[in-house]
Amino acid sequence: MNAVTNLARLRGPGIFAVVAALALVVAPLALEPFRLGLLAKYLCFAIVALGIGLAWGQGGMLTLGQGVFFGLGGYAMGMHLKLVEASSLPSSGSSSGGGPALPDFMVWSGVEELPALWAPFADPVFALAMVVAGPVLIATVLGLLVFRQRVRGAYFAILTQALAAAFVILLVGQQGLTGGTNGLTNFFELFGRDLADDSTQRGLYIVVALVLGVLYLGARQLVNSRFGRLLVAVRDGEDRVRFLGYDPAVVKTIVFAISAGMAGLAGALFVPVVGIISPALLGVVPSLELVVAVAVGGRFALAGAVLGAVVMGYAKTSFSEQFADGWLYLQGALFILVMTLAPKGLVGLAASAREALAARRRPAVPASRTVKEIA
Amino acid sequence: MSPIIEVRGLSVVFDGFRALDGVDLTVERGELRFLIGPNGAGKTTLIDVVTGLTRPASGEVLLAGRSLTGLREHQIVRLGVGRTFQTSVVFEELTVLENLDLAAAFRRPLLSLARRRRGVSETVAEALETTGLAGLADRPAGVLSHGQRQWLEIGMLLAQRPEVLLLDEPVAGMSRAERERTGELLTSVARDRTVIVVEHDMEFLRRYASQVTVLHEGRVLAEGSVEEVRGDPRVQEVYIGRRKDDAVSAGS
Amino acid sequence: MEAFVNQLPIGISIGAVLLLIALGLTFTFGQMGVINMAHGEFIMAGAYTAYLLQDLTGRMAVIVALPVAFAVAGLMGLILERTAIRHFYGRPLDTLLLTWGVSLVLQQLARDLFGAPNVQVQAPAWLQGGIGTLPYNRLFIFVLALLTVAGVWAYLNRTGQGRRMQAVMQNRGLAAVSGIDTGRVDQRTFFIGSGLAGVAGVALTLIGPVGPTLGTYYIVDAFLVVVAGGLGSLLGAVVAAAGLGLLNSYAEFWSDASLAKVIVFAVIVAFLQVRPQGLFVLRSRALS
């Protein structure tokens with residue numbers, strides 16, 4: 001009996017170790033560069049999904065605006081890459097000379113001087129700091145304003161969605177500052193390495209996988225800590241938590257800010273991996289798609305969020321390759337099915353299948369389970 | 001030395017309805033005070049105002065001479081005022097132990113909460129012991145019976161170590177045996193703390209109350225020992241005029 | 001000053017459209033706690049109804065379409081309620097995601113049925129032109145919204161059905177034990193709310209082209225109207241829609257279109273600091 005419980009305790013870390021080995025060793029060796037790039041993209045989404053899992057699954061905050069934070073991180077990174085590139089190609093850069101070089105799209109849209117907002121992003125340290133600091137700052141301010149007034153549930157979801165809508169319109173409208181609908185693209189190098197090179201892409205993939213792994217472990221630690229228990233308590237009874245002497249607004253803001261920071265980091269990694277950041281990648285629909293992915297994977301488990309993002313990313317790519325239009329039907333239908341039949345997602349299904357299996361075996365041959373798990 | 005709780009000229013209005021109308025109330029340190037009155041008398045509203053859930057239209061509440069006006073619920077808890085609710089609310093997905101542990105941990109710095117709980121703190125162990133829930137420590141609170149939930153709530157309140165405890169109908173819906181245990185619990189708790197109890201149950205009142213305040217239609221109708229209050233003709237009128245089963249004098 | 005006057009009809013007609021859309025939302029949200037993301041696609045369905053009727057009725061399509069679109073969108077809402085939403089009562093966030101899935105499917109369906117490019121509905125000749133700076137089509141939308149509000153008000157306060165609807169909205173459990181068939185009331189609410197979206201869709205054909213994603217442009221703002229107005233409050237919806245419509249049009253005018261939405265968002269968040277539960281709410285002492 002003791003062996004069983006010990007093994008059960010080891011199962012989580014065991015799965016984690018196997019998945020980590022697959023992701024870090026097997027995938028880079030076995031997958032061709034194109035597929036590895038796609039996987040890197042899904043893992044970027046998985047980082048956003050992890051944040052959604054924390055905020056929504058654990059904290060009950062349905063955030064429909066993670067695209068905003070993803071975008072803030074992505075644009076911070078994109079701006080830096082554009083500036084580095086412009087200064088390394090002086091001929092095609094600044095037309096007026098004198099001032100710092102201009103990125104290509106600014107030249108095209110007739111901007112003559114580098115906007116003040118852009119200038120500090122030439123510094124890699126500043127750009128990297130802004131990748132996380134920007135989203136965290138905005139989430140903190142919004143969170144404090146909204147949660148302190150006890151705006152929650154559907155109201156919060158609607159507000160974050162409105163934020164995503166407004167952000168996209170802003171990005172599209174400020175053509176000269178953001179590249180408009182096209183966004184920022186045509187990146188050639190990252191910290192002195194050629195982005196088109198397979199080895200760079202493989203290195204990037206490993207960085208993305210490592211970041212995801214570390215964030216996952218950190219999020220797990222948080223969930224299992226007292227703070228994680230407090231978060232669940234806030235989710236299930238915010239008003240009661242106040243009478244335990246905690247301010248739910250602070251708890252929620254912290255978690256919302258963490259999830260925003262994760263999304264920002266994911267956006268920054270996404271830019272060199274995929275080579276573009278544009279409004280179409282971070283509006284209302286992409287934000288919701290990630291929430292859907294989390295629901296499909298299983299919102300109450302962090303692993304479910306990660307799994308859902310990878311599965312849905314893969315499904316989207318392979319289905320839209322074959323029948324482009326069918327994907328929307330499939331996504332819609334899949335989603336309706338999951339919400340109706342399996343609100344706990346794939347992880348929930350797996351758990352109930354395991355329980356059902358165990359329940360069938362236990363009375364008949366009590367020892368078989370032990371034997372099997374040891375073997 | 002100022003009394004632990006002092007309520008002055010408190011009025012509360014809900015959409016034109018005066019739930020409280022100029023209530024004054026003084027509770028001394030270490031008292032076990034009962035609040036009684038017919039339905040709609042304003043008992044729960046009074047507790048709600050003291051704990052910051054409801055904002056008064058006028059008047060104020062002082063805790064050891066310090067005004068609680070404008071403070072948020074959690075700030076009042078941090079000053080040492082704890083409460084329970086009529087329908088007990090515990091966190092069903094957390095275990096009994098985790099519920100108690102959260103209640104005890106609010107004084108820790110926020111950052112230290114990011115660590116896992118290791119072992120059981122003395123306060124929590126004590127609360128488990130006092131409420132008799134030690135055997136259920138690792139079960140999710142969702143599986144508890146009604147009475148056990150009420151005790152868990154009281155246990156959480158104890159784990160908070162407040163100076164003042166406000167209990168809203170702690171024995172409602174409890175069996176006779178459960179009521180008795182709760183009564184003993186209250187008496188032992190009240191030894192070194194101030195306890196204010198809202199209660200309908202007259203038998204319970206007779207057995208455990210020392211000081212009683214009677215509220216009626218948002219005002220204080222009478223105040224004194226159980227005997228004094230029972231003998232007060234105004235109190236008798238209010239109760240007999242309403243419902244027989246609530247009547248103070250029914251059992252005498 | 002002239003600019004101020006010029007923007008006014010635009011702001012008011014945006015507000016009128018938002019109101020038509022938000023009326024349905026505020027009742028389904030207020031009464032059933034359902035956040036219906038497919039509401040935008042009911043708008044689209046109403047607009048396409050007008051487009052289809054054009055072949056039959058020519059330029060009178062807009063007028064004929066008003067009742068037809070109401071019925072079409074209402075029926076779609078009713079089907080959605082019966083087949084899916086009723087299994088989700090009490091789980092508002094789940095209905096949000098569920099209905100979003102429905103909305104995706106409906107959008108793609110529209111693309112397959114009508115093609116991805118936008119189509120145009122010809123307005124009746126007598127709606128062209130205007131009085132001074134006030135175009136007739138915007139005036140028409142404004143009057144339509146006024147009539148609809150009057151109709152909804154009368155329905156809520158002057159009919160038994162409407163009173164039962166209010167009863168369910170205020171206290172579902174109590175309404176149920178008082179002998180009100182809450183399921184029926186829910187169906188009716190959903191029918192009417194969705195139908196109003198169809199009417200809004202017809203109105204939209206007067207001021208712009210019709211496409212599969214028509215609803216998505218308005219749905220976010222319409223939800224903001226619900227948030228700012230207060231749940232299930234008719235007066236709140238009217239005031240919030242007018243306010244948001246005017247705010248949108250003036251913010252767009254004084255800054256530019258891309259900043260306007262950010263300004264609107266900031267104003268809403270600021271407004272929630274003062275009125276976190278919206279303009280008009282019943283004060284209740286229940287611990288939610």
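A residue counts as buried if 20 or more other C-beta atoms lie within 10 Å of its own. B:V61 meets that definition, because 23 other C-beta atoms lie within 10 Å. The model is predicted.

**B:V61 and its surroundings**

B:V61 sits in strand β4 of chain B, residues 58-63. Which residues does B:V61 contact, beyond neighbours within four places in sequence? They are B:V7, B:L10, B:V49, B:V50 and B:L68. B:V212 is 151 residues away from B:V61 along the chain, and their C-alpha atoms are separated by 19 Å.

**A kinked helix in chain A**

Helix α9 of chain A covers residues 226-242, which is 17 residues. Its end C-alpha atoms are only 16 Å apart. A straight helix would reach 24 Å at 1.5 Å a residue. Where is the kink in α9(A) centred? It is centred on A:D236, with an angle of about 105 degrees. Of the 17 residues of α9(A), 13 are buried, so the helix is largely enclosed by the rest of the structure.

**Helix packing in chain A**

Helices α11 (residues 284-297) and α13 (residues 326-341) of chain A also meet. Their axes come within 10 Å and cross at roughly 45 degrees. That angle makes α11(A) oblique to α13(A). The crossing is left-handed. On the α11(A) side, the contact is made by A:V292, A:A295 and A:V296. On the α13(A) side, A:L334, A:F335, A:V338 and A:M339 take part.

**Chain C against chain A**

Contacts between these chains involve 34 residues of chain C and 38 residues of chain A. On the chain C side, α4 (92-114), α9 (214-229) and α11 (257-274) each supply at least two residues. Which helix gives the largest share of the side of chain C that touches chain A? That is α4(C), with 14 residues.

**Two positive phi values**

Most residues other than glycine have a negative phi. The table lists two arginines with a positive phi.

| Residue | Phi | Loop | C-beta neighbours within 10 Å |
|---|---|---|---|
| A:R150 | about 60 degrees | between α5 (124-148) and α6 (153-173) of chain A | 17 |
| B:R161 | near 50 degrees | between α5 (146-159) and β7 (164-168) of chain B | 15 |

Are these residues buried, exposed or partly exposed? A:R150 is partly exposed, because its count is 17. B:R161 also counts as partly exposed, with 15.

Methods. Residues are numbered from 1 along each chain as its sequence is written. Chains are lettered from A and ligands numbered from 1 in the order in which they are written. This is a predicted model: local features need pLDDT of at least 70, side-chain atom pairs count only at pLDDT 80 or more; totals for chains, interfaces and linings use all residues. Helices (H or I, at least four residues) and strands (E, at least two) are DSSP runs, numbered from the N terminus. The expected span of a helix is 1.5 Å times one less than its number of residues. The bend at a residue is the angle between axes fitted to the seven residues ending there and the seven starting there. A residue is buried if 20 or more other C-beta atoms lie within 10 Å of its own, exposed if 12 or fewer, and partly exposed in between; C-beta atoms are placed from the backbone. Axes are lines fitted to C-alpha atoms, for helices over the stretch in contact, and angles run from 0 to 180 degrees between N-to-C directions. Angles under 35 degrees count as roughly parallel, over 145 as roughly antiparallel, 65 to 115 as roughly perpendicular and the rest as oblique. A crossing is left-handed if the near helix is turned anticlockwise from the far one by less than a right angle, and right-handed if clockwise. Two residues are in contact if their C-beta atoms, placed from the backbone, lie within 7 Å.
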